[in-house]
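The exercises below go through one protein chain step by step. Try each task with the structure in view before reading its solution.

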Amino acid sequence: MAFLWPLIVLAFAYAICRFLLMLIPPNVPSIEVDASDVLDDGNQAQDNSFIYIPSKGRTQQADRRVQCYEPATMKYLGYFPALTPAEVKDRVAQARKAQKVWAKSSFKQRRQFLRILLKYIIEHQELICEVSSRDTGKTMVDASLGEIMTTCEKITWLLSEGERWLKPEYRSSGRSMLHKRSKVEFHPLGVIGAIVSWNYPFHNIFNPMLAAVFSGNSIVIKVSENASWSGCFYFRIIQSALAAIGAPENLVDVITGFAETGEALVSSVDKVIFVGSPGVGKMIMRNASETLTPVTLELGGKDPFIVCEDVDVAHVAQIAVRAALQSSGQNCAGAERFYVHKDIYSAFVGQVTKIVKSVSAGPPLVGRYDMGAICVQDHSEKLQNLVNDAVEKGAEIMARGSFGPLGEGAVDHFFPPTVIVNVNHTMKLMQEETFGPIMPIMKFSTDEEAVKLANDSRFGLGCAVFSGSQWRAKEIASQIHCGVAAINDFASTYMCQSLPFGGVKDSGFGRFAGVEGLRACCLVKSVVEDRWWPFVKTVIPKPIQYPIAQNGFEFQESLVEALYGLNIWDRLRALVNVLKILTDKNSSTSHTRRSD
């Protein structure tokens, strides 16, 4: 045992050194970002603000301008140009030039870029959240959860593991290639094109950007016309961080516009990442097929939230309400269908009803409200139509939250948090993606019934299953046809950034986040090389050299059995035959000839 003590001492000393190194703060420069034109004057509801009234039934595309306003107050924010296809192609061409330089950058330089961003985000959380709140109507807490935490988690994961997953990965070479070394290399694709949604404008820009840039690509991001104001400010942060490390200009670009702007981007890049609706996703896929451009589609969901009878009802009720009302329900990973065991149905409904009645909605930067606005014009009307359809078919509204003082023009951008019971799958509310603060609750009797109900949907993004038995919850979740599953939690899969994120069916395909998402930004190249070059090289055996020997096929038969036979004795016998054929001098001179 005496020889172990030096090893223990060395290991302890190593651990102490690592701990001391952790105490030394990294040398990360600070960046300055001009925010003078996005800072609110402190009175979001001031009377002399210019109130913007969007025109209905007419797109802004004809005006060549993307008009921006606060959905919570209708306060005008400004406009941005709707880029033409020619302008988009020019931006992509500039990004392509920058990428050729960036592809040669070191992981050290890329990590420094991430650290600079992380430092700025942590030091400017309030600014980032306020900009998101003004442009999309969400509360500061919702912005912190969905914008800041998720992005910081992704950055720290890339810092910790990103390089590891982009380095060559060695694989087994198999029996016939023992003299070879096999590996997979991950090279940048070129220019990534991202078309992102409005619901989390900060994270939806940073999420694809971080993966693309860290893997050596450039990226052009088309932001939503419903969140262009915030997107163009967040772009300044990225520009400043890139400049601080000496990255080439135009490595990252943010463009604004409407459908034709996005179509031009799809036809110009080497890979498309889209976050949005199934209808638009299908159009993007059709357009990408013209150039065989690979696509990743994240198209929303209709996630089931299953509650078994053996749970702590009060505990799960709080999670359920957060799952439904986070960002006013405008959350692709939000819970939209609640299935509760019949034995606790009444108790669960009572708990969520009590919570929802206490929720107040209003302009998030004016007062202390639990929930903000609905971002997109006319969406509140769609939500009310879904509720009306359910009520007409027998559903009952159990509870609704309250509103704070709303400006006259902003009324249509708010919808009360709502609990609905006695629902079934004939109702549109249980089939169509809601994207709003509505909790439809349905009974189930058995685990098999819960699984059947959960799978009765054209969407398949995620699910949440709650049970006092973790084994039971996992068993139920394993039978639900979806891309991500949370056991006794809601949306925790997305906070684990080492995991891939994406769905099946109308929720799309492909993955972002995690190893799979990072490598999806890469050209995956298989490479085989000689293991002991130049001492061992590939030589074509004489029986199968051209012209083929008469016993060439006999040689191949014996070689296959020698390599892959199930019985060791058969393999040895075949090996002897291989050696016999190779040493047969006649095999090199006796060849099959074609008859004329």
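**Exercise 1. A salt bridge across the chain**

Does Arg519 count as buried or exposed, and at what relative accessibility?

Solution. Start with the kind of model: it is predicted, so local features need pLDDT of at least 70 and side-chain atom pairs count only at pLDDT 80 or more, while totals for chains, interfaces and linings use all residues. Residues are numbered from 1 along each chain as its sequence is written, and side-chain values use heavy atoms, with hydrogens and water left out.

Step 1. The classes are buried (under 20% relative accessible area), exposed (over 50%) and partly exposed (in between), with a 1.4 Å probe and protein chains only. At 15% relative accessibility, Arg519 counts as buried.

Step 2. Look for the partner of Arg519. A salt bridge here is a side-chain nitrogen of Lys or Arg within 4 Å of a carboxyl oxygen of Asp or Glu. Arg519 forms one with Glu169, and their closest N and O atoms are 2.8 Å apart.

Step 3. Place both residues. Helices (H or I, at least four residues) and strands (E, at least two) are DSSP runs, numbered from the N terminus. Arg519 is in helix 16 (residues 514-519) and Glu169 is in strand 3 (residues 169-171), so the pair ties together parts that are 350 residues apart in sequence. Glu169 is partly exposed, at 22% relative accessibility.

**Exercise 2. Further salt bridges**

Find which residue forms a salt bridge with Asp270, and say where the two lie.

Solution. Step 1. The structure holds 24 salt bridges. In one of them Asp270 meets Arg96, with 2.8 Å between the closest N and O atoms.

Step 2. Asp270 sits in the loop between helix 8 (259-266) and strand 8 (271-275), and Arg96 in helix 2 (residues 85-102), so this pair links parts 174 residues apart in sequence.

Step 3. Asp270 is partly exposed at 24% relative accessibility, and Arg96 is partly exposed at 27%.

Step 4. For a pair within one helix, take Arg573 and Asp570, whose side chains meet in a salt bridge (2.4 Å, N to O). They are 3 residues apart in helix 18, which means that about one helical turn separates them. Arg573 is exposed, with a relative accessible area of 53%, whereas Asp570 is partly exposed, with 26%.

Step 5. Salt bridges that share partners also join Glu309, Asp310, Asp447 and Arg472 into one network.

**Exercise 3. Order in a sheet**

In what order do the 6 strands of the open sheet stand, and which strands are at the edges?

Solution. Step 1. Two strands pair if DSSP finds at least two bridges between them. The order is 7-6-5-8-9-21, with mixed pairing.

Step 2. Strand 7 (252-255) and strand 21 (508-509) are at the edges; each has a single partner strand, so one side of each is left without a neighbour in the sheet.

Step 3. Strand 5 (residues 191-195) pairs in the parallel sense with strand 6 (residues 218-222) over 5 bridges, and Val191 stands opposite Ser218 in strand 6. Strand 6 and strand 7 also run parallel, joined by 4 bridges, and Ile221 stands opposite Val254 in strand 7.

Step 4. In a regular strand the side chains alternate between the two faces of the sheet. In strand 7, Val252 and Val254 point one way, Asp253 and Ile255 the other way, and all are buried.

**Exercise 4. A surface patch**

Name the residues of the nonpolar surface patch that includes Trp569.

Solution. Step 1. Patch residues have over 30% relative accessible area and no salt bridge; like charges are joined within 9 Å, and nonpolar side chains (Val, Leu, Ile, Met, Phe, Trp, Tyr) within 5 Å.

Step 2. The patch consists of Ile568, Trp569, Leu572, Leu575, Leu579 and Leu582, with about 610 Å² of accessible area together; areas come from the Shrake-Rupley method with a 1.4 Å probe, and for residues only the protein chains shown count as cover.

Step 3. Trp569 lies in helix 18 (residues 568-583) and is exposed, at 63% relative accessible area.

**Exercise 5. Confidence**

Where is the pLDDT below 50?

Solution. Step 1. pLDDT is the predictor's confidence in each residue, from 0 to 100. The chain has a mean of 92, and 93% of its residues reach 70 or more.

Step 2. The pLDDT is below 50 over residues 43-48, and it stays under 50 over residues 591-596. Where pLDDT is low, the predicted coordinates should not be read in detail.

Terms used:
Contact = heavy atoms within 4.5 Å.
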